[in-house]
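Work through the exercises below with the model in view. Try each task before reading its solution.

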Amino acid sequence: MQSPSRQLDTAQKLDWRRLRGLQPYQPLIDKMEVNVAAIRQHLATEAVWLLEHSPIYTGGTSAKNEDLLAPGSVPCIHVGRGGQWTWHGPGQRVVYVMLDLNHRGKDVRSLVNGLEGWIIASLKQFGINGFRRNNLPGIWVYTGNGISGLDKIASIGIRITRWITWHGCAINLNPNLSAYDAIVPCGVTDGGVTSFANLGVSASMDDLDRALEEHFPKFFPSLL
C-alpha cells in the first residue's frame, strides 16, 4: 500500500498480487478492507489479489443456517459479501477484486457480468466451456451428473462499499471436493460442484493465474 502522506492519481496501474502459502481468512479480509479504504481515499490503486485460504466455510448475506449441514471442526464465519455458504481451502484460487466503480460506472449488474465473462474466457483457455445460469451468480459446466447435469466450477460473491468493490471470485482448480458435502453450496440443490482436476484438466495455479491476468483487461480495461 502507498504511503498515506500523498494522494495517488486514481488512473495508476492495477496492483496485481499473488500471495503464496495458505492465507488465514480474517487477517486477509482485514487487510483487504484497509486497502479498499485507501482506494476510496485515492491512497492506493485498484487491485486484484490471488491467493489460497486455509480451510473455512463462509456465509454471505443470504446464507441460511439450515444450509450449513456438518462442517465438523472447520471454522464457519458469516461475512458481508453477497451470496450464501461456500468453502475456501487448498486447491482453490480465490480472487479478490478491488475496483473503483466511481470511475467505471455504478452498475452492479455490469460488474457481475464482467466478472463472469472474465472467468468464462479464462476457463476456455484450458478447454473448459463455462456458462452462466439465470439468477445464479457463478460459472457452471455441463457434466451430466446429478439432477440437472450441471456442476459449479467458480463462485462469485461481491461486496461494495462506497462504490469500491471487494471480495470477489473463487475458482476450483484441484481442491478436495468432499469439503462441499458439509454445506448446500450457494443454496443450490439442483447442481453439484466440480473442478479442473475433476474434469480431467491438468493445470497449475500459476497457469490459471496467467490466464486470469491475460483476460482481465478485456473485461476491465485500464483507467489509464
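**Exercise 1. Classify Asp207 by its relative accessible area, then find its salt-bridge partner.**

Solution. This is a predicted model. Start with the accessibility. Asp207 has a relative accessible area of 27%. Buried means under 20% and exposed means over 50%. Asp207 is therefore partly exposed. Next, look for the partner. Asp207 forms a salt bridge with Arg210, with the closest N and O atoms 2.5 Å apart. Now place the pair. Both Arg210 and Asp207 lie in helix α4, three residues apart, or about one turn of the helix. Finish with Arg210. Its relative accessible area is 49%, so Arg210 is partly exposed.

**Exercise 2. Which residues are joined into one network by salt bridges that share partners?**

Solution. The network joins Arg18, Arg93, Asp209 and Glu213. Take two of its pairs in turn.

- Step 1. The side chains of Arg18 and Glu213 meet in a salt bridge, at 2.9 Å from N to O. Arg18 lies in strand β1 (residues 15-23) and Glu213 in helix α4 (residues 205-219), so this pair ties together parts that are 195 residues apart in sequence.
- Step 2. Check the accessibility of this pair. Arg18 is partly exposed at 31%. Glu213 is partly exposed at 36%.
- Step 3. Asp209 and Arg93 also meet through their side chains, at 2.8 Å from N to O. Asp209 lies in helix α4 and Arg93 in strand β6 (residues 92-98), so parts that are 116 residues apart in sequence are tied together.
- Step 4. Check the accessibility again. Asp209 is buried, with a relative accessible area of 0%. Arg93 is buried too, with 3%.

For the overall count, the structure holds eight salt bridges.

**Exercise 3. Locate Asp67, and state what is in contact with this residue.**

Solution. Begin with the place. Asp67 sits in the loop between β3 (56-59) and β4 (76-78). Next, consider its charge. Asp67 is buried yet has no salt bridge. The nearest side chain of opposite charge is Lys64, 5.2 Å away. A salt bridge needs the side-chain nitrogen within 4 Å of a carboxyl oxygen, so Lys64 does not qualify as a partner of Asp67. Last, list the contacts, leaving aside neighbours within four places in sequence. Asp67 is in contact with Gln84, Trp85, Ala182, Ile183, Val184 and Gly187.

**Exercise 4. In what order do the three strands of the open sheet stand?**

Solution. The order is β4-β3-β5, and the pairing is mixed. The edge strands are β4 and β5 (85-88), each of which pairs on one side only. Neighbouring strands of this sheet are turned by 25 degrees against each other on average, direction ignored. Now take one pairing. β3 and β5 pair in the antiparallel sense over four bridges. One position to find is Gly59, which stands opposite Trp85 in β5. Trp85 also appeared among the contacts of Asp67.

**Exercise 5. Inspect phi at His42 and Asn135.**

Solution. Take His42 to begin. His42 is not a glycine, yet has a positive phi of about 65 degrees. His42 is found in the loop between α1 (25-40) and β2 (47-53). With a relative accessible area of 26%, His42 is partly exposed. Turn to Asn135. Its phi is near 65 degrees, a positive value in a residue other than glycine. Asn135 lies in the loop between β7 (131-133) and β8 (136-142). Its relative accessible area is 78%, so Asn135 is exposed.

Methods: Residues numbered from 1 in each chain as written. Predicted model: local features only at pLDDT ≥ 70, side-chain atom pairs only at ≥ 80, totals over all residues. Heavy atoms only, no water. Helix = DSSP H or I, 4+ residues; strand = E, 2+ residues; numbered from the N terminus. Buried < 20%, exposed > 50% of the residue type's maximum accessible area, 1.4 Å probe, protein only. Lys, Arg positive; Asp, Glu negative; His and termini not counted. Contact = heavy atoms within 4.5 Å. Pairing = 2+ DSSP bridges. Axes fitted to C-alpha atoms, helices over the stretch in contact; angles between N-to-C directions.
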